[in-house]
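Thanks for coming, everyone. I have one structure to walk through today. Let's put it on the screen.

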Amino acid sequence: MSRWQEPQAIAELAREVTVVRRPNPFAALYHWRYEIGALLVLPYALFTLFQAVGPIWGAVVLFGVGNWLFYWKSARRFLRDRLRSIVVQHRLRTGFARARVCTLDGKLPVILWTKPRGDEVDVTVFCPAGVGYERIEQRRALLAAACFATDVHVYRHHKRANVVHLSVCTARLRKDADEDDVVPAPRYAGQTDGAVMPVQDMSRGFLV
């Protein structure tokens, strides 16, 4: 081992044995925002419904909504895609921790936003100092396994090195297909992993 490789090996060893930090309370609330919202909104909505129309008509309304979700394909797909994106972001955080995609003091990347897009889930990740595109790219196979995904494609931000974009492919492989046949969604057609891709700024609604 040469001298210039020794610091890298020591840093890698330190990262492997470091204790991953727990998120601060505000980050934890953001991570579980969908579940917290559901626990707060659904009981209140049910209580308001039964108070307004009574238990019988309330049950009729719930039965109608259930049938509507079951038979309307677009609504069913919308609900499935949203639930899938929530599961992917939780699994991705677990994958970051287990694959040691973290700084030397145990700080993990922050998932800013997830959005379903066909058979893939787009994920925007903010990297703390000490973690970048290269680290995530090295662990993409482990991240794909953690997300129950076929593959994870990693792209750079065209302006900010601390922002990385992931495309988590959740499509199932065909029996006659090879892993090399799995390609990103049409949005990334012609792009290879590591290509510079503009990431949508959700707060302003356009590309940054």
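**Salt bridges, a pocket and a buried arginine**

Start with Asp 151 and Arg 140: their side chains meet in a salt bridge, 2.9 Å from N to O. By salt bridge I mean a side-chain nitrogen of Lys or Arg within 4 Å of a carboxyl oxygen of Asp or Glu. The pair links distant parts of the chain, with Asp 151 in strand 3 and Arg 140 in helix 6, residues 140-146, 11 residues apart. Helices (H or I, at least four residues) and strands (E, at least two) are DSSP runs, numbered from the N terminus.

Are these two partners buried or exposed? Asp 151 is buried, at 17% relative accessible area. Arg 140 also counts as buried, at 18%. The cut-offs: buried is under 20% relative accessible area, exposed is over 50%, and partly exposed is in between, with a 1.4 Å probe and protein chains only.

A word on the source. This is a predicted model, so local features need pLDDT of at least 70 and side-chain atom pairs count only at pLDDT 80 or more, while totals for chains, interfaces and linings use all residues. Residues are numbered from 1 along each chain as its sequence is written, and side-chain values use heavy atoms, leaving out hydrogens and water.

Back to the bridges. The structure holds 6 of them. Another one joins Glu 134 and Arg 156, with the closest N and O atoms 3.4 Å apart. Glu 134 sits in helix 5, residues 133-138, and Arg 156 in strand 3, residues 151-157, so this pair ties together parts 22 residues apart in sequence. Glu 134 is partly exposed at 44%. Arg 156 is partly exposed too, at 33%.

Then there is Asp 122 with Arg 117, at 2.6 Å, N to O. Here Asp 122 is buried, at 4% relative accessible area. Its partner Arg 117 is partly exposed, at 29%.

Now the whole chain. How many helices and strands are there? The chain has 6 helices and 7 strands. From the N terminus, the order is α-α-α-α-β-β-α-α-β-β-β-β-β. There are 208 residues, and 35% of them are buried. Take the contacts (heavy atoms within 4.5 Å). Of those with a separation of 6 or more, 60% are between residues 24 or more positions apart.

Next, the largest pocket. Its volume is about 550 Å³. A pocket here is an open set of points on a 1 Å grid over the protein atoms alone, where a 1.4 Å probe fits, with protein on both sides within 12 Å along at least five of seven lines; lining residues have an atom within 4 Å of a point. The volume is the space filled by probe spheres set on the points. The lining has 20 residues, and the closest to the centre are Arg 21, Arg 22, Pro 23, His 31 and Leu 108. Helix 2 (25-31) and helix 4 (73-98) each supply at least two lining residues. Helix 4 gives the largest share, 5 residues.

One last residue: Arg 93, in helix 4. What is the nearest side chain of opposite charge? Glu 35, 7.4 Å away; Arg 93 is buried yet has no salt bridge. Charge here counts Lys and Arg as positive, Asp and Glu as negative, and leaves out His and the chain ends. Beyond its neighbours within four places in sequence, Arg 93 contacts His 31, Leu 108 and Ile 111.
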